[in-house]
Each structure stands twice: as structure tokens, then as C-alpha cells.
Amino acid sequence: MATIHVDGRSYSVDGADNLLHACLSLGLDIPYFCWHPAMGSVGACRQCAVKQFKDADDDKGMLVMSCMAPVQNDARISIDDEEAREFRASVVEWLMINHPHDCPVCEEGGHCHLQDMTVMTGHDRRRYRFRKRTHRNQYLGPFIAHEMNRCITCYRCVRFYNDYAGGTDLGAFGANNNVYFGRYEEGTLESEFSGNLTEVCPTGVFTDQAHSDRYTRKWDLQFAPGICHQCAVGCNISPGERYGEIRRIENRYHGEVNRFFLCDRGRFGYGYVNRKDRPTQPEWRAEPEAEPVTLDVNAALDRGSDALRDAYRVIGIGSPRASLESNHQLRDLVGEGNFSTGIAADELACLELMADLNRTCGLPTPNLRDIEEHDAVLVLGEDLIQSAARLGLSVRQAVLGRREALAEDRGIPTWNAEAVKTLGQDSRYPLFVAYPVATGLDGIAENRLRLAPDDIARLGHAVAHRIDASAPEVPGLEAPLAEAANRMAEALLAATRPLVVSGGSLNSTAILDAAGNIARALSRRARMGGLALVRREANSTGLQMMGGQTLEWALEQLEAEQADALVILENDLYERLPARRVDHALSRARTVVVLDHQRTPTLERATLALPAASFAEADGTLVSLEGRAQRFFQVYDPGYIRPETRIRESWRWLHALAAGRRRESISDITLDQVTRDCAWRHPALAGMVGAAPGADYRVQGVKLAREPHRYSGRTAMRANINVSEPRTPQDPDTPFAFSMEGYNGFDRPRQSVAFAWAPGWNSPQAWNKFTDEVGGHLRAGDPGIRLLEPVPGRYVYSSNIPQAYRRSDDEWRLVILPRLFGGEETSARAEPIQARAGQALAVLSPEDAGALNIADGGGVRVITDDGQWVFPVRTEAGCPSGLLFIPAGAYAALRSGMPVSLAASGDTPRDDKGLTGEVRP
Amino acid sequence: MTDALSRLRYRCQLRQDADERREETHPLTWRLHDDGTPVFLKEYEDKDGYAAVRHTLNEQTGAQVIDAMKTANVRGRGGAGFSAGVKWSLTLQGDGMPRGYIVCNADEMEPGTFKDRLLMEQTPHLLIEGMILAAYANNARYGYIFLRGEYIEAANHITRALKEARDAGWLGADIAGSGFDFDIALHTGAGRYICGEETALINSLEGQRANPRAKPPFPGQSGAWGKPTVVNNVETLCNVPAVLRHGAEWYQGLSGQLSNDGGTKLYGVSGRAKRTGLWELPIGTSGTELLDRAGGIRDGEQLKAWLPGGGSTGFLLPEHLELPLDFDSIGKAGSRMGTGLLTVVTDQQSIVSLMRNLEAFFARESCGWCTPCRDGLPWTVKILQALERGEGEQGDIEMLDKLATDLGPGRTFCAHAPGAAMPLSSALQYFRDEFERGVRHETGPAHADPIPVGEV
């Protein structure tokens with residue numbers, strides 16, 4: 001710690017910081033542009049100048065850039081100094097020389113850091129009277145819009161895109177006052193994290209293209225604290241709504257999870273919420289093939305309750321993309337013995353093993369921030385950029401952390417970003433990746449092995465054995481694998497904090513057992529390591545903890561006529577098991593009640609379809625892959641703008657159905673009741689109540705506002721429907737109000753922040769006002785409760801070691817690989833994601849492609865009992881032969897491990913709906 | 001090359017004949033020929049070449065070399081005047097520290113400067129010898145000569161000299177039987193003035209954008225590819241062999257009573273003088289003597305001002321010609337010695353136009369990294385253009401004053417913008433009337449006050 005004196009007042013700050021970081025953390029306002037808490041200082045913009053004095057007697061002082069000035073004990077600085085203020089005003093004036101006067105039509109307006117800083121420095125008169133420099137813009141794909149004339153050349157975009165996120169296709173071109181940030185030619189930005197440019201850019205150069213199509217100013221959006229439902233990482237998001245549509249998703253700062261950044265699937269994948277074909281009213285089908293009739297709520301509940309009451313046994317199929325509350329209400333409705341998780345057996349086996357390992361392998365599960373502190377990483381059977389992109393970004397920071405360690409040894413502060421880069425060059429902590437095909441982290445890996453799933457497991461077991469000889473030895477281990485395992489074990493043991501990352505992407509319990517053995521071996525060697533296990537869906541972890549049967553079990557009950565009614569919660573069974581199997585089982589059920597917010601093939605089979613709320617219209621709790629229970633809050637009431645809709649939270653529908661089935665009058669229920677009941681019934685989930693404050697939480701005696709205080713047009717919003725304005729919707733479930741009335745400030749620490757705003761800070765930089773230090777934790781503590789922690793005990797090594805992979809001579813096997821864009825059910829229904837995903841390519845080794853007479857770019861025909869599909873082929877040298885790799889989301893009928901026949905296809909796989917691999921709902 | 005071409009070709013003009021240039025007094029140029037033909041290995045070795053390497057590498061430690069350089073007080077000839085010995089003493093070496101680089105800054109692009117070119121074209125081995133000695137002192141493993149791309153003849157001669165030196169065992173493993181290994185590569189730049197800034201040079205050498213780096217860390221701590229790196233100007237390095245051959249005392253004595261700085265300096269004159277060219281003279285020689293050697297100002301013109309060492313140094317007046325041309329004396333007069341090549345400006349030349357030309361150069365050559373330089377310099381150009389055309393408005397000169405201050409030292413990322421601000425502020429100080437003549441208009445109408453919209 002060090003003491004600094006700012007404008008005559010003394011403060012205690014961290015001596016390792018720079019002055020800007022320290023002052024902002026103290027809540028003092030210094031304008032800045034190029035500095036970013038996650039990316040450090042480079043001293044380019046010169047906006048953060050302050051006056052520094054040598055000692056108490058120095059009354060002259062000199063200007064320093066606070067971002068580049070290390071905190072020194074007894075440092076004396078002045079922010080208010082006249083010369084410093086004038087210089088800062090000059091800097092903004094220079095930045096504005098070429099900046100267009102287009103704030104009224106600029107999409108950044110209203111949450112623009114440049115606007116905020118311009119106001120902060122007091123620049124309000126233009127003195128430059130000459131011509132402005134102009135640029136041409138580029139098409140950068142479906143996510144990002146480009147307007148280079150607004151650029152103030154802070155270099156944040158390229159520093160984030162290239163240095164932080166590892167992108168290669170965005171650069172700075174030109175020199176002097178003609179620097180251009182863009183691609184070398186027009187085209188879609190390749191990085192999976194490009195959306196962060198919209199928040200990293202301090203002005204409107206990179207804006208959200210998806211938002212642009214349905215634009216609303218930030219101050220006119222209604223927000224709630226959300227949790228991304230597009231994978232299991234559990235990133236915190238701030239979805240914004242206007243006129244009953246989600247208009248954009250921004251990052252919501254969480255000091256232990258996503259911090260400042262999201263992946264593009266999470267940011268741009270919300271379009272399914274706004275689909276026009278969503279079910280909005282209950283639908284009843286008397287006969288399986290009949291046209292559905294819409295019902296009102298009471299009629300629907302009556303018919304549903306009657307049907308369920310008449311059934312001799314009702315099976316409930318839950319969903320890993322639905323909240324704990326909804327799954328719990330379903331389980332409550334059908335009874336514990338009749339509840340299926342809705343997860344296929346192979347995936348559920350992996351989930352159960354993962355939960356077991358998290359408790360018993362001896363190593364804790366790190367959160368994303370923790371992951372960045374590890375100094376050796378082994379990834380077994382995951383392409384993190386595809387399966388848990390944000391976690392992959394954290395692994396990248398961990399690996400790059402070596403540069404910071406080297407810098408510290410040389411006395412270079414870690415915030416001195418360019419100096420750290422210069423010194424470190426390409427030195428990195430060791431990262432090893434074993435996966436069948438190339439992965440997004442290969443470029444920074446010390447070694448990457450392309451192995452068949454069974455060989456990945458064998459490699460992992462060999463590493464465990466090398467670390468601790470009492471772990472089982474792999475019989476007949478091939479020499480190259482043994483050599484690789486030696487090096488990996490050596491690197492993990494040499495590390496202070498080794499990290500093992502694995503997961504269920506390849507559906508292999510053998511790989512998970514191997515990862516668990518490594519973790520166990522490391523913990524026995526007393527290493528402060530971590531084990532991170534990737535699950536597939538938003539609530540896979542939580543649903544497994546709640547427990548339930550496999551999806552196959554549920555279908556078997558129907559097929560065996562052990563049950564005649566089915567309630568399916570937010571789950572498209574056709575995404576999980578082959579269509580024939582699902583069709584067959586569903587045809588045995590007399591009653592099929594489906595609750596969903598998407599018009600899925602399963603919903604089309606429903607006797608009674610109930611319109612469920614998506615994450616944007618419901619509250620609930622999810623458990624992320626880290627084991628963190630997190631609450632997401634309803635953003636808007638869909639019935640306010642569209643009174644005809646009957647969308648309800650699934651847990652509300654299920655509560656009503658249960659009451660109706662018992663012939664009880666339907667009392668209302670609140671989220672807090674469901675959450676408490678769920679926690680009480682499932683001891684493993686007991687902590688979930690504390691994931692967020694209950695509905696009675698108040699700040700300064702008032703509810704929390706969902707809308708910024710400048711929210712406009714509220715009274716006119718429904719004027720096209722009725723001139724008399726109804727009462728705003730009431731929210732009995734949460735402490736948030738559907739209103740600008742309520743608390744929205746930063747000065748009272750709170751965990752549940754719908755949107756970040758502080759006086760003078762309208763951009764995402766306002767988050768700095770909510771944290772204990774910039775880039776730190778929310779002052780009230782980061783939200784969520786961890787539910788999965790290691791429990792002490794003596795645990796034995798697994799000896800689930802598969803045989804070495806040998807390709808079968810007479811058949812091909814499919815391996816389904818996770819895919820960031822298009823590989824997840826709901827986001828694949830969002831237009832920008834579809835545009836970004838493009839065609840799904842199958843991957844073959846060049847030898848196999850040659851044997852099949854398929855040229856790169858040619859097509860492969862996949863033939864199964866269920867049908868035939870054609871995919872364009874990408875060949876990849878080194879990937880295991882005998883396997884065909886297909887991205888997830890292409891066809892549910894194609895499942896990992898499936899034996900298939902392959903043939904070259906002369907058909908052009910493009911533009912033919914029946915044959916393409918492209919994901920189109 | 002045909003005779004016709006040969007006659008058209010520019011040749012560095014050293015205006016001292018061989019009789020004047022003696023080994024004891026002209027360490028840089030005594031080996032050169034009057035006709036400008038280059039000195040290659042055979043002749044260089046005959047003229048005591050590489051003797052310093054043979055002696056030093058076998059008889060002295062690196063620390064002794066650094067001490068000698070400090071005692072000799074060889075100050076950086078690239079313009080900043082920082083003691084080469086002190087710089088070398090700050091280079092990290094020793095346990096656990098990788099051997100780094102010696103980089104010769106041969107990107108001579110300072111307006112009005114053409115001294116390094118002479119040395120590289122006509123005595124490339126002197127530079128190579130200096131680099132070997134510098135490498136020895138700094139424990140460097142490899143050297144780079146970052147050469148201005150347009151210096152094609154220098155590139156050819158250096159390439160030949162490097163091969164000769166390598167073949168003769170002056171470069172490579174076990175130099176002169178000392179066990180010291182070192183080699184040099186020539187890198188030709190793509191033509192950006194900013195590459196003369198040492199850290200931008202390193203970035204460019206690494207293949208990055210030629211943006212300067214923040215200091216600290218200095219290149220001696222973390223330079224090219226993160227390794228300890230010493231960047232020295234050509235002329236600085238060319239002084240090293242003589243210092244080590246004849247001793248620091250001798251070198252320090254070359255400048256006699258003229259200056260505290262040691263050695264000689266390659267001075268030059270360009271602009272409207274009768275005989276422009278280069279002279280190797282004791283450092284501290286006065287501007288008067290130099291201008292005399294240049295034959296004075298052209299007939300019919302009067303000296304109005306002069307730049308002591310390139311476009312990035314401040315204007316001085318005729319009365320300053322008596323000053324010794326060394327770093328401290330010129331610094332006290334409010335300018336910088338810079339490269340020590342005088343640019344003379346006469347009463348026939350417009351200071352406003354000259355400044356417009358200079359600022360256009362500096363604005364164009366800004367790397368675009370920091371705001372004041374990137375966006376402030378073009379504004380000065382626009383204003384100067386307006387003044388030049390007589391379209392200036394009231395307030396323009398005050399704005400130039402403010403820009404000159406705001407672009408000054410400590411406010412920008414590197415010394416580029418301060419280099420551009422120095423001639424501007426001195427021009428505004430000495431020749432304000434010329435600028436005022438360009439102001440013909442009242443200040444344009446101000447925008448009407450915006451309607452108050454309440455508080456933030």
C-alpha cells in the first residue's frame with residue numbers, strides 16, 4: 001500500500017497500480033480513452049494528464065499521464081490543476097477535430113465514452129475551421145457495423161482484438177492523422193469475441209449491427225440483470241428491451257466470471273426471443289395431426305389439468321436450458337419417480353461424472369478470473385472457443401500471464417501493456433490441447449495433439465500416472481503419447497497453479513476420468529491446481545444436481561406403456577435423440593403437454609402447448625459450469641405491449657397445472673416461494689436462495705429501477721392500442737420495478753445491477769463506479785453462490801482406460817463437435833448467428849478424403865438408417881482417420897459414435913435446404 | 001555507371017582536403033579520399049583499421065570500454081547528446097540476462113542532415129569496427145544497421161564491407177582470437193522519419209508498426225525482441241575506435257578549450273550558403289567559423305536565422321553564431337544542437353512558408369500513436385497554410401502559441417512533436433511579425449450559445 005495526495009487530500013492505494021487506476025478506484029474522475037482496466041496502459045491518448053509534484057515544496061510540478069505514472073508512496077498530484085485541465089481540454093479538442101457532429105444519428109450516442117469525456121473536460125466550442133479527414137467504411141459481417149469517421153485513434157480495438165482475444169484480421173493501417181482500423185479487405189470479422197469491440201471502442205466506430213436493425217437509445221431501454229443462456233459458462237448480461245423486443249445485450253460486469261467481455265454467441269444470440277413465430281397463446285390439438293386451436297389461460301389449464309388427471313401415469317421431461325425453478329415445479333407436478341432430466345443418457349453420464357469429480361478430485365473448480373491466474377493448462381477433449389468461448393478467452397489470459405510474470409521480474413509493472421508485450425514476446429505458460437481436430441487455442445499451445453477420443457483418455461491417464469505413480473498405468477502406451485505425457489506431467493508439476501480443463505463435448509466418460517485422475521494426482525502431490533469441466537447448456541450443471549432420469553428412460557416408459565402422458569419443459573427432444581425414436585415414443589402418449597418459448601418440432605407434437613417465457617420474460621436460477629447458482633431477472637412483461645399474449649414463466653404454468661390436477665383453486669405463487677421450495681427439497685441446491693436478494697429487497701426504501709431515469713415515451717408506448725395508459729406491470733417476484741422509478745445509483749453497494757449508470761458516466765465504463773477497484777469485484781460482492789465445492793474424503797483413481805483407438809475397416813464413425821455459432825439450439829434460431837455460422841463443414845483427414853475421392857470443398861454423403869445428408873468437406877491434416885467430424889446443430893439425427901456409411905457426393909451441398917448442413921430453423 | 005550519370009549523382013561533400021585531415025585530429029575522416037571513393041578493407045586495415053578491435057577484445061574488459069567512453073565524454077551524435085558511455089553502463093548484462101543487440105541508427109532523415117551518409121558511403125568499416133566494440137562493451141550477440149532505404153550506395157558499400165569483415169574474421173565467431181562472437185546484418189528501412197526514434201526503430205526492425213515505445217523500460221532493459229538493446233547513431237559508433245585506440249584523454253583533448261564535450265563533430269551547412277558541405281571540426285567550434293568555411297551567405301542575401309542541427313531544432317539568430325556549437329551551449333540559447341548541421345535562412349525566405357513546409361513534414365511523419373502529435377500537428381499546418389495565403393484569422397497566432405506549448409516535451413508520447421514544436425515556438429518568438437502579416441480577418445462568427453438544457 002502507498003499513500004498518495006490528490007488535490008490536497010490523502011488516500012491509501014495499492015502501490016502496484018498506476019495513478020489513473022488508483023484514482024478511478026478511489027472514485028475520482030479523470031478522463032481517459034486508451035487505458036482499459038483489462039488491457040492496461042499504453043499512454044497513447046494523453047487524455048489522463050494530471051500534474052505531479054516532486055514534494056510538498058514543489059509548487060510548479062509537471063504534467064504526467066496518470067495511466068503511465070506508477071503510484072509512488074507520498075506522491076503528490078493534482079487533477080484540478082489549471083494547466084492539467086487546460087491540457088486535457090486540448091486533447092479532447094484535438095480528438096474532436098475530425099470527429100463528425102453526428103451524435104444525434106450515431107448509435108453510440110447516449111452511452112458514448114467520448115461524449116462523457118467531452119462533457120467532463122468541458123469542451124463545447126469548436127475552433128478548428130478547416131476540412132475534416134474522412135474514411136470509407138467496411139462491411140465487417142452480421143455483428144459489427146463500422147463507421148471510421150468517428151474514430152479517435154485510441155487503439156483499443158486492435159489491442160483487444162489482437163492482443164487480448166488473439167484475433168488476426170483487424171489491424172491499424174496508415175499513419176499520422178490517417179490511421180485506419182479495419183480489415184485488410186471487407187469481410188466478416190473472424191474473432192469469436194468481435195462483439196466486445198462495441199464496448200471497447202470509446203465511440204461509435206464499432207457498433208452493434210444487430211441492434212442497429214432495431215435501434216433504441218440506451219436510456220430508452222428497459223434492463224434487468226440477466227444470465228446468458230447460450231452455454232454453461234454463466235456470463236452476466238444486461239439485456240435491453242423496448243416495445244416487447246430484446247434490442248441488444250451488453251456485458252454486465254461480474255468480477256469473478258465474465259468481467260468485461262462476452263462471446264459473440266452470447267451477445268448476438270438473443271434473436272430467438274424476438275421471433276415472430278413464437279408461441280404466444282395456449283394451443284390445443286384434439287388429434288395429433290389436427291390444426292391447433294388457441295385457448296385462453298383458464299381453458300388451457302382446465303384441459304391440461306383434466307388430461308393429466310385422467311392419465312394413469314405422467315412423465316415429466318425437464319430441460320437443461322430451463323431454470324431450476326421450472327424444472328423443480330415440473331418435478332413437483334409429476335413426482336420424483338416420474339421425472340426425467342430430458343438429457344440423453346451418454347450426456348447425463350458425463351454430467352454425473354463431472355459433478356462427482358468437482359466434489360471428489362481434490363482440486364477446486366476455478367472461476368474465470370481464477371483461471372487467468374493459472375500457470376500451466378492441459379485441455380483434454382475440448383475446443384474451448386467452440387464449447388465455452390468465454391472460458392477459452394480466460395485460458396488465453398492464463399497462458400499469456402507468463403509475460404506479466406517475466407515483466408515483474410524485470411521491474412516492469414504489469415499494467416505497462418506494451419512493455420509487457422515487448423519483453424515477453426511469445427513466451428507463454430505451457431498449454432497443451434488434445435482434441436481430434438484443430439482448436440481455437442492451438443496458436444498459443446506448446447503442444448496440440450490431434451487424437452481420437454479414446455486416445456485423448458489414454459493420454460490423460462498416462463499424464464496422471466506420470467504425476468503420481470499410484471495412478472493406473474496405461475497398458476501398451478504408444479511412444480509418441482508417452483513422450484507427450486511426460487512433458488505434460490513435467491509442466492503441470494513445475495507449475496505453481498496447474499489447471500486441467502475437460503468436459504463433456506466428446507461425450508466420453510473415459511476422458512473425464514482421465515482428467516479426474518490428473519486432478520487427483522496433482523492434489524496428492526499437493527499442487528494448488530484447478531479442474532474446470534465444461535458442460536453444454538446453461539443449466540446442465542444445476543439440473544444434474546437436482547437429479548432425474550435420462551431422456552431414454554422417459555421414452556422407454558412411454559414405449560413400454562408404463563405411462564400415457566407427458567409434460568415436456570422447454571426441451572426439443574428432436575435435438576437430443578433421433579427423430580424416429582422420439583416420434584415413436586410420443587405417438588404412444590395420449591397427452592403431451594409442451595411448455596416452450598420456441599416453436600420446436602416437439603411443440604408441434606403437443607396436445608397442449610403452453611407459451612413459456614424465455615430468459616427475457618422470466619426469472620429463475622441457473623447453475624453455471626463453475627457450480628455458481630445465478631439468478632436471472634425478467635426484463636419486461638410481454639403482455640404490456642402485446643396484451644393478447646399469454647406468455648408465462650414455465651414455473652407459473654406448472655404450478656397452475658399441478659393445482660388444477662389436484663382440483664385445488666389456483667393460488668398465485670411467487671418466485672421466492674418456488675426458489676425456497678426448490679432449495680428445501682434439494683439439499684445440494686440449498687444455497688440457491690442466496691443467489692440474489694428476494695422480492696422484498698429494497699434500497700433506500702424503494703425497489704430497483706429497470707429503466708434509466710431518462711426513459712422516454714412510457715405514457716405513449718401503448719397509445720396505438722388504447723389512449724388510456726394502464727398501470728405499469730407489477731413485479732411480485734423480484735425487487736425490480738418495470739419503471740424508471742426506483743433506485744438505479746452506484747453509491748449503495750448492490751449485487752443486482754440492471755444497467756450501469758453513474759452521473760457523467762453513460763457508457764459501459766460506468767461499471768468502474770460499481771466496483772471496489774476498477775477491474776475488481778462489485779462492491780457488494782460478486783453475485784451468485786457457489787454450490788459445487790470439493791468435499792474431503794479418500795478417493796480412488798479411476799481405471800477406466802479405453803483401448804487404443806484403431807480405425808474400423810468396414811465402417812465410419814461420427815464425432816459431433818461443439819460449434820459456437822449454430823451449434824446451440826436457441827441461439828441457432830437468431831438471424832445474426834445464422835448469418836455468421838454459414839455452412840456446417842464436415843472434417844475428414846486428407847487420407848480418408850482421398851480414399852473416398854473427395855476433394856477439399858467437395859461433398860460427403862452420410863448414410864444412416866434414418867436418412868442421408870450431404871456436407872461440404874474440409875480436410876485437416878493430422879486428424880484421426882476413420883472418423884467423420886460434424887459440427888453440432890447440423891442434424892439431431894446424427895449422433896456421436898454412430899456408425900455410418902460415407903460416399904463422395906456429386907451434389908453441390910449448397911442452397912438445397914434438404915441437403916445442406918446449414919442450420920436453418 | 002556511365003560518366004554522365006556519375007556526374008549527376010550526388011556525392012557527400014567533405015570540404016576538407018587530405019592535408020587537413022590527419023589521424024591525430026580527424027578521427028572520423030582522416031582515412032577518406034579527396035575524390036570521395038570509399039575506403040574498403042585492405043586500405044582500412046593498412047590505415048590502422050580494426051587495431052582497436054584486436055587490442056580491446058584481447059586486452060580489455062567490457063567495463064573498461066564503458067569507462068573509457070564515459071571519460072571521453074562521447075555524447076550521442078544523433079541529436080540528443082546523451083552520453084554513450086552512460087547509456088552503455090545502463091545496459092542490462094550478466095547473470096541470467098540474454099545477450100542482446102547493438103543497433104546502429106542509420107535512418108538519417110532529419111531535414112538538413114547528411115553526415116552519416118558520408119561515413120557509411122566512404123568508410124563503412126569504421127562503423128563496423130565501432131559496432132564490434134560497442135557489442136563487446138554491451139555483451140551484445142548481434143548487430144543491426146537500420147539504414148535509411150534511400151541510401152542505396154551506403155547499402156551497397158556496407159554490404160560489401162560486412163562480407164569483407166566476415167571473411168577476414170572481424171565478424172563471426174571468435175573475433176580476433178578473443179573468443180568474442182558477434183555479427184551484423186543490414187536492414188534497410190521503408191522510409192519513415194519516426195524510425196529514427198530509437199524505440200520506433202526497434203519496433204520497425206521487429207516488423208511492427210513504427211510506433212515509439214514508452215520509456216521506461218529503456219531499450220537497454222528490454223529492447224529489440226525484449227532483449228537488452230543499445231541504439232547508437234552512426235557517427236557516435238564511428239567515434240568509438242579512436243577513443244579506444246588513442247585513449248579517452250586524447251579524445252577529450254581533441255576539443256581543447258572549446259567545449260566540455262569530447263572529440264570532433266561532423267558539422268555541415270546547408271541552405272543559401274556559398275559552399276554547402278561537411279567539415280570535421282573539434283566539437284565546440286563556433287557557427288561563425290563554420291559559416292566562414294562555407295563561404296558565407298550567398299551574395300545579395302542576409303542571414304536571417306539558422307537552425308543549428310536539423311528541422312527539429314529551434315531557430316537561432318545571427319547573434320548566436322558566436323556560440324560554440326556543442327550540446328550545452330546551444331541548449332542554453334533555447335535551441336538544441338541536434339545533428340550539428342546548420343540550415344541557414346536568409347532574408348529572402350519567408351519564415352511562415354518555411355514553417356509550413358517543416359510542419360507539413362512533421363505532421364506527415366507522425367506515427368499516429370498519440371493525440372497531440374497526430375491531430376495537433378495537422379492543425380498547425382492548416383493554420384500556417386492559412387497564414388501563408390493571407391487567410392489567417394485573429395486568434396490563429398495565439399492558437400499556434402498554444403499548440404507549440406501543448407506539443408512540447410512531457411506532453412507527447414515521444415520527442416517527435418516536441419521536435420516539431422521547437423522551431424515553431426522559436427519562429428513565433430523571433431519572427432512574430434511575419435506571422436501577423438498573414439492575419440487578415442476577424443475571428444469568424446462564434447456559434448450562438450446553445451439553449452441551456454439543465455444539468456447533467
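Biologist: How do helix α14 (residues 351-365) and helix α17 (residues 416-430) of chain B pack, roughly parallel or roughly antiparallel?

Modeller: This is a predicted model, with local features needing pLDDT of at least 70 and side-chain atom pairs pLDDT 80 or more, while totals for chains, interfaces and linings use all residues. Residues count from 1 along each chain as its sequence is written, with chains lettered from A and ligands numbered from 1 in written order. The axes of α14(B) and α17(B) sit 10 Å apart at an angle of about 175°. That makes the pair (over 145 degrees counts) roughly antiparallel.

Biologist: Which residues of α17(B) does α14(B) meet?

Modeller: Contact means C-beta atoms, placed from the backbone, within 7 Å. The α14(B) side brings Ile351(B), Met355(B), Leu358(B), Glu359(B) and Phe362(B). Across from them in α17(B) are His416(B), Ala420(B), Pro423(B), Leu424(B) and Ala427(B).

Biologist: Over in chain A, which side chains of strand β5 (residues 75-78) are buried?

Modeller: Side chains alternate along β5(A), and Arg76(A) and Ser78(A) point to the face that isn't buried. Buried takes 20 or more other C-beta atoms within 10 Å of a residue's own. On the other face, the buried ones are Ala75(A) and Ile77(A).

Biologist: And which β5(A) residue is the bridge partner of His5(A)?

Modeller: Strand β1 (residues 2-6) of chain A runs parallel to β5(A), joined by 3 bridges. On another side of the story, strand β3 (residues 49-53) of chain A pairs (at least two DSSP bridges) with β5(A) in the antiparallel sense over 3 bridges. There, Phe53(A) has Arg76(A) as its partner. For His5(A), the partner is Arg76(A).

Conventions. Axes are lines fitted to C-alpha atoms, for helices over the stretch in contact, and angles run from 0 to 180 degrees between N-to-C directions. Helices (H or I, at least four residues) and strands (E, at least two) are DSSP runs, numbered from the N terminus. Angles under 35 degrees count as roughly parallel, over 145 as roughly antiparallel, 65 to 115 as roughly perpendicular and the rest as oblique. Two residues are in contact if their C-beta atoms, placed from the backbone, lie within 7 Å. A residue is buried if 20 or more other C-beta atoms lie within 10 Å of its own, exposed if 12 or fewer, and partly exposed in between; C-beta atoms are placed from the backbone.
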